[in-house]
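Subject: Structure for you to look at

Hi there,

Here is the structure I promised to pass along. Have a look at it first, and then read on for what turned up.

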Amino acid sequence: MVRKLIGSSGLILFSAPLLGETIQLNMTPGVTAISQDVFGLHMTILYICIAIGVVVFGAMFWSIFHHRKSKGAVAASFHESTKVEIIWTLIPFVILILMAIPATKTLLAMEDPSKSDLTIQVTGSQWKWHYRYFDQDVEFYSHLATSAAQIDNLRPKRANYLLEVDYPLVVPIGKKIRFLITSQDVIHSWWVPAFAVKKDANPGFINEAWTRIDEPGIYRGQCAELCGKDHGFMPIVVIAKPQAEYDQWLQQTQATQRQAREQEQQLLDMVMPMDELMALGEKTYNSRCAMCHQANGEGIPGAFPALAGQGVSIDPKQKTEHIKIVVHGSTGTAMQAFGPQLSLKELAAVITYERNAWGNNTKETVQAADIEAIKKGQ
């Protein structure tokens, strides 16, 4: 039995390099100058701690061995020594100063977002990220792209399971990027290990961070603050592109968002049929609402109200109230304002779906014009 245990331990020990890609015991060095500084500081402090441990435990074990009772050692009898007191006070003080100098230098550099080339506002909400590019007329929400089938083990999990999004944050390389980080509801934390950026997103406050990425690539992170039941489904994906490719992406995104706004205005004069609204509504509901109200509309008792067979979703007289709740949210509850998050078409479709799915059957449709009227306070 002992031989088997020793053999197994040896196999694990000597095969560790083979598992290097899946088992990482140390911090990641990162891809930015600041992340490299943080990693270097971490290793410096680690080596100092190891050296202290070797000296302290070495002295302790040497004393135990050479002054053991079996050798006839007799314990010394003394009360105090001013010289010893001074020495063991000065040595830790000097060590702490030596550790504080590089630590302070690195921390000051991490907290200096001045002279940035690009500013991006990062807003966390349950459970998604919103990005707004200052002076670029571009903003969008970034949601988890992992399918519910993978989460429920109905399909094989992909390589980036729970670390993939529908709309990643795209930034240029070689530029100083300043992040203004805040929250719409509870405390979140925007964390990308490769950049050594980890900042809390606090409602009502703005925290600053920055990075300068030197290498093109895809970098992943996630919310690092327990923010609710779907905290684990709030990933971050950043794509760093060369300046020319970034400029091309920016122009294309600006044109796409401008076109989407123009199409929304055209919707105000249109009447969408029930079947089209229900199809889009089901898709929107499952991606945005089902996490709280459940796919069957029965909600979670005590946390999220049911929509099936009760409430404003079945009352013809509360159609306007239903629209207001979805568009503006509900103060004092976990219900967010989806007006800024969804298009007029998606809002009309999801409300229509909620009023006609699961046996509700109000036979009422909600149109883009109805949503626009609520947004304008009419």
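The C-alpha centres of domain 1 and domain 2 are 34 Å apart. Please keep in mind that this is a predicted model.

To help you find your way around, the chain is split into three parts: domain 1 covers 27-61 + 82-111, domain 2 covers 118-151 + 160-265, and domain 3 covers 270-376.

I concentrated on where domain 1 meets domain 2. There, 11 residues of domain 1 are in contact with 13 residues of domain 2. The two domains bury about 830 Å² between them, with 58% of that on carbon and sulfur atoms. On the domain 1 side, the residues losing the most area to domain 2 are Val31, Thr32 and Met110, which together account for 54% of what that side buries.

You may like the polar side of the story too. One salt bridge is found across the interface of domain 1 and domain 2. Glu111 pairs with Lys199 in a salt bridge, their closest N and O atoms lying 3.2 Å apart. Between domain 1 and domain 2, five residue pairs are in polar contact.

Which elements give two or more residues to the side of domain 1 that touches domain 2? They are helix H2 (33-66) and helix H3 (82-110). H2 supplies the largest share, four residues. Sorted by class, that side of domain 1 has six nonpolar, four polar and one charged residues.

Happy to go through any of this with you over coffee.

Best wishes

Technical notes
Residues numbered from 1 in each chain as written. Predicted model: local features only at pLDDT ≥ 70, side-chain atom pairs only at ≥ 80, totals over all residues. Heavy atoms only, no water. Domains from an automatic or database assignment. Contact = heavy atoms within 4.5 Å. Buried area = accessible area lost by both parts, 1.4 Å probe. Salt bridge = Lys/Arg side-chain N within 4 Å of Asp/Glu carboxyl O. Polar contact = N/O pair within 3.5 Å; in protein donor to acceptor, adjacent residues only side chain to side chain. Nonpolar A, V, L, I, M, F, W, Y, C, P; charged D, E, K, R; others polar.
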